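User: I am new to this structure and would like to understand the reasons behind the terms used for it. Could you take me through them step by step?

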Amino acid sequence: MRSLRAWLAETAEVPLEEMSAFFANRLESYEAHMAAWNEAYQKFASFLPDDCNEILDLGCGTGLELQSVFARFPNARVTGIDMSADMLAALSAKYGDKALQTTCGDYFTVEFGKGSFDAVISFQSLHHFTPQKKTALFKKILDTLKPGGVFLNCDYFACCDEEEALLFAECVRRRAAANIPDTDFVHFDTPLTLAHETQLLKNAGFAKAEPLESCDGAVFLLAEKK
């Protein structure tokens, strides 16, 4: 916590960036930065059920997690949602030979459809949002999954309640200082603790939600629909 507090103090006056602009401005360095989680990317598809044919990827970016998905499920039909058009263009160029559809938008408002997917996946995207927004999203995910479908989220989580509360409070402070409304997406990490995230999934109606493995500081969290 000491190092986190020091970092927050050092960056206290750094302006918050709009989410899609943040990633568009870092497109060229994005994959090199995310290489720190290469092992997690390589393991990603191994945690999915054998019968995944329809997959929804939330915050897909350039699709680093899809390398293992398409390697295991070469004929899978994947829908990717991301707020960055530049990221989606890079994704489409990379997997032009696959059954891939993309939507540029935020996954809180994009319609998923009912009972449409065998699996919903996400990699290090959800740690930017409040419990209220996540609760609504988790209910949407549950609704779009087929019976027996799964939600596989690989993300990092706050180490403790203190870290979680500190980051949310700092995000609120920085928004207020810059007059940024709560409805605008900004890039500032506000991870929940693993216990809180798991409880939100259960509250949303998932029959089971549990961590599977920690890898490079990220945790694979699997939720199952009855």
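Analyst: A charge is said to sit over a ring if NZ of Lys or CZ of Arg is within 6 Å of the ring centre and within 35 degrees of the ring normal. Please keep in mind that this is a predicted model.

User: What makes Lys133 a case of a charge over a ring?

Analyst: The charged end of Lys133 is placed 4.4 Å from the centre of the ring of Phe108, and sits over that ring; the distance limit is 6 Å, so the value meets that part of the definition. Lys140 is described in a similar way, as it lies over the face of Phe112 at 4.0 Å from the ring centre.

User: Why is Lys134 called buried?

Analyst: Lys134 has a relative accessible area of 1%, and buried means under 20%, so the term applies to Lys134. Lys134 is found in helix α7, residues 131-144, and, leaving aside neighbours within four places in sequence, is in contact with Phe108, Leu126, His127, Phe129, Leu192, Glu197 and Leu200.

User: Why is the pair of Tyr41 and Phe123 called stacked?

Analyst: The ring centres of Tyr41 and Phe123 are 4.0 Å apart and their planes stand at 20 degrees; rings pair if their centres lie within 6.5 Å, and planes under 30 degrees apart count as stacked, so this pair is stacked. The pair links distant parts of the chain, with Tyr41 in helix α4 and Phe123 in strand β4, 82 residues apart. Both Tyr41 and Phe123 are buried, and they belong to one aromatic cluster with Phe44, Phe47 and Phe220.

User: What makes the pair of Tyr107 and Phe129 edge-to-face?

Analyst: Tyr107 and Phe129 are 6.1 Å apart centre to centre, with 80 degrees between the planes, and an angle over 60 counts as edge-to-face. Tyr107 lies in the loop between β3 and β4, while Phe129 lies in the loop between β4 and α7, so the pair ties together parts that are 22 residues apart in sequence.

User: How do you know that strand β1 is largely enclosed by the rest of the structure?

Analyst: In β1, residues 54-58, 5 of the 5 residues are buried, so the strand is largely enclosed. Glu54, Leu56 and Leu58 point one way from β1, whereas Ile55 and Asp57 point the other way, and all are buried.

User: How do you know that β1 and β2 pair?

Analyst: At least two bridges are needed for pairing, and β1 and β2 have 5 bridges in the parallel sense.

Technical notes:
Residues numbered from 1 in each chain as written. Predicted model: local features only at pLDDT ≥ 70, side-chain atom pairs only at ≥ 80, totals over all residues. Heavy atoms only, no water. Buried < 20%, exposed > 50% of the residue type's maximum accessible area, 1.4 Å probe, protein only. Helix = DSSP H or I, 4+ residues; strand = E, 2+ residues; numbered from the N terminus. Contact = heavy atoms within 4.5 Å. Phe/Tyr/Trp six-rings, centres within 6.5 Å; stacked < 30°, edge-to-face > 60°.
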